[in-house]
Structures are given as C-alpha cells and as structure tokens.
Amino acid sequence: MPKNEPTWNLPDGLFDRLVSLRRDIHRHPELSFEEHRTSARVASELQDIGLSPIRDVAGTGVIADIEGKEGGPTVVLRADLDALPIEEDTGLPYASEVPGVMHACAHDGHTATVLGAGALLLRDPPQGKVRLLFQPAEERGNGAKVVCDEGHLDGVDAIFGIHVDPFQPTGIIQVQEGPVAASTRSFRITLTGKGGHAARPHQGVDAVVAGARLVDALQGIVAREISPAQPAVVTVGRFSAGTRHNVLAGKAEMEGTIRCFDREVEASIREAIVRIAEAVSRAHRATAEVGFGEGCPAVINDRRMTHIASQAAATVVGSDRVIGFNEPNMGGEDFSFYLDHAPGCYVRLGAGVTDTNIVPAHSARFVWDERTMAVGARYLEAVARAAITELR
Ligand code: NI
C-alpha cells in the first residue's frame, strides 16, 4: 500500500465481524416493513457487543443507546434495514437467496457500519448518549417518518447518516452543507374520456391522445415555469390506457414523481400539474382527476453539523479526501424527516470497486467495496464523539 494511502484498520477482528454480518443480511434480504429476520439479527449483534436493544421500533426497526458516563447531549447514528424488489444478478458467493429481493442499495452495509461504530464507541463511551438507530423502510420513503411519529427523535440534539456511493473510490467522504437529496412526491392522474370503436373516433373521446398530449404538456412545467437556477424534475413513469388495437380507450392512467429542493417550488409544480391536467383534458373533451402521494422532504444538511462532520471525516481519511457532492442528487432519502426534529448531516461514502462500468445502486448487478464499512464505522465514531464534545 503506498505511503499516502489512508488506513482504517478496525481493532480485534471487528472488520471480519462486519463483513460476516453484512453478507448474512445480504443473503437474506427483506422488503420495507418486513425486516423481521434482519432486525432479529441486528438485535442479537447489539446484545453481543454489550447493548440492550429495543425491538419493534416503527414496526421492524431496532434502537440501542450507548449511555455515556455522565449526562450530556444525545446524538443519533442512523442505518436503514430494507432491501429492494430486484432479482440479484451479481454472481456473488453471498448473493440473495430470496427470489426477487436484493440489497441493491447497500443498506446491508449501512447496518453493519453503524453496528461497527457502536462497537468502537463502546470501547470508550463519550460523555453523552449515542443512539444507534436501525430504521425500517427507507426505500418506501416513510420508515423515518414512523420512527419520528413514535417519538424516537424527541430530545435528540444531532443526527448523522451515511450512504454508500459506487461512483467515488473507497476512502472518499462527500460532505456538503445545504441540500443533498431532493424532496419526492408521487402523483397520479386519471383521465376519463369515452370508449368506442377505433374506426369511429368522433363518437367517443380518445383517452390515449388526450393522455399523450398531457404527458407532453407536463414537460413544460420545469422548462417554462420553474427558475432554471432551481433543480426540479417531473417524470411520468407509468402510462397505461386501452385494451385492444381496435378499441378506443375510454380511460388513461399515469403515475409520476416530482423532485426538487424547495417546498415552494414543489407547491408550484403541484399547482401546475393540476392546472395543466384539467386544461388539456378539457381541450380534448375528457376530464382529469389528480392525486398526490405522501412524499418526503429534501435533505438539507445543517451548517454547524456539516462542519463537525467534515472535520470528523478529515480525521479518518485526511482532508484531501473530504469532498463536496458533484451535483445535486435528485434521488430521495427519508433521512429528511429526522432533520425536522434535530439538526444533522448526511454524507456519502466512496465505495467504488472499479473506475469503469460502474453499476449504480438499485441495479441487479450493484456491487460496492466492503472496506467502506471500516471507513464508515471510523467516521461515525469520530462524528459522534465530536458532536458530543461540541454540544456539551
Ligand atoms: Ni439507499
């Protein structure tokens, strides 16, 4: 290893323990709010390292507190437990044994990493409380909300989260103040026309043509109504209409998602979707009904916590390996719900195994470098200690 390569050695076989935990979870992935085996496994690991886990948090989550010697601030380190409905195609020796379900977003790794941070902190507990939080259902975008609704963020002074990133090499930590993950809001439009014979369109109201024009018209929202300086996305991901080649479709249904960083921008996009859906439908003698899903706010990293995170990251990987985010991430992350309750910082951990042909998360061939768990555990240990010192 070249001299300037950082090392993140973990003590006493801890890295091997994290690898075997991660691989066991990887083999047995579970979907959102169904993480029964995973949470049982995490709880038993927590007991093994000397903690008293609380089960059934927000359904299938787990929490364990490391109580410092004196009273002091409470800092949360957050992991997510759930997998995705994807058929794994990595060929890894520890690939998923559950058909159609895969840890394709490295939540198996996040879980092992937070456990590792807990083990490191226990060697010399800081003068405050560190709560290890293993939440369910990040992929559904609402596990964190249930955790908050149950009061597990009450009295918390700061929260820190991580995510693996295959597009950066292992040892890079991306830290940035302000917006780092977009808000998400789903929408559904049902367009009603009048079915009939395909050969006599004038006797019906064709929902396919009206729907196609609507999809096209929606593209004008971001292009013409939102400031070019504000990142925003309106995507129609599903469009379904019709039954047969010679039958005029009486109904079209579409579903999509809105992504942005600003609550006001989101409100104006929602208003525009309703306005345009109604107007385009009316223009084609059809009617439209628009509904919106629950959604998840944007992740906005707190200035002070970002400063603490960035310094902690530098102690682990060196300041030249602490970098910003390349561009705003339009993906969603339910970590945002926690930030309504406590200031925090969400970082990305480089975990690339190759420089070329990088396979992104949520893909059937997603792989990442397990050494990232050592970097992450060291980082989370450092940030928890620094935040407690800073907040006391
Ligand atoms: Ni994820």
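A salt bridge here is a side-chain nitrogen of Lys or Arg within 4 Å of a carboxyl oxygen of Asp or Glu. Keep that in mind for the domain boundary. The model on screen is predicted.

**Stop 1: the two domains.** Colour residues 14–179 together with 299–391; the domain assignment calls these domain 1. Give 183–292 a second colour for domain 2. Their centres, taken over C-alpha atoms, lie 37 Å apart. Each side brings residues to the contact: 8 from domain 1 and 8 from domain 2.

**Stop 2: the interface.** Show the surface where domain 1 and domain 2 meet. About 580 Å² is buried between them. Carbon and sulfur atoms give 69% of that area. How many salt bridges are counted between domain 1 and domain 2? The count is 1. For polar contacts across this interface, 1 residue pair is found, both residues at pLDDT 80 or more. On the domain 1 side, the residues touching domain 2 are 4 nonpolar, 3 polar and 1 charged.

**Stop 3: Asp340 and Arg263.** Select both side chains. They form a salt bridge, with 3.7 Å from N to O. That distance fits the definition because the cut-off is 4 Å.

**Stop 4: the nickel ion.** Centre on the metal and show sticks around it. Which protein atoms are its donors? They are SG of Cys105, NE2 of His107 and NE2 of His163, at 2.2 to 2.3 Å from the nickel ion. Along the sequence, the donor residues follow the spacing C-x1-H-x55-H.

**Stop 5: donor burial.** Stay on the site and select Cys105. Its relative accessibility is 7%, so Cys105 counts as buried. Move to His107. This residue is also buried, with a relative accessible area of 0%.

How values were computed
Residues are numbered from 1 along each chain as its sequence is written. This is a predicted model: local features need pLDDT of at least 70, side-chain atom pairs count only at pLDDT 80 or more; totals for chains, interfaces and linings use all residues. Side-chain values use heavy atoms; hydrogens and water are left out. Domain bounds come from an automatic or database domain assignment. Contact means heavy atoms within 4.5 Å. Buried area is the accessible area (1.4 Å probe) that two parts lose on being put together, summed over both. A polar contact is a pair of N or O atoms within 3.5 Å; within protein, one must be able to donate a hydrogen and the other to accept it, and residues adjacent in sequence count only if both atoms are side-chain atoms. Ala, Val, Leu, Ile, Met, Phe, Trp, Tyr, Cys and Pro count as nonpolar, Asp, Glu, Lys and Arg as charged, and the others, Gly among them, as polar. Donors are N, O and S atoms within 2.8 Å of the metal (3.2 Å for Na, K and Ca); water is not among the atoms, so sites may look incomplete. Buried means under 20% relative accessible area, exposed over 50%, partly exposed in between (1.4 Å probe, protein chains only).
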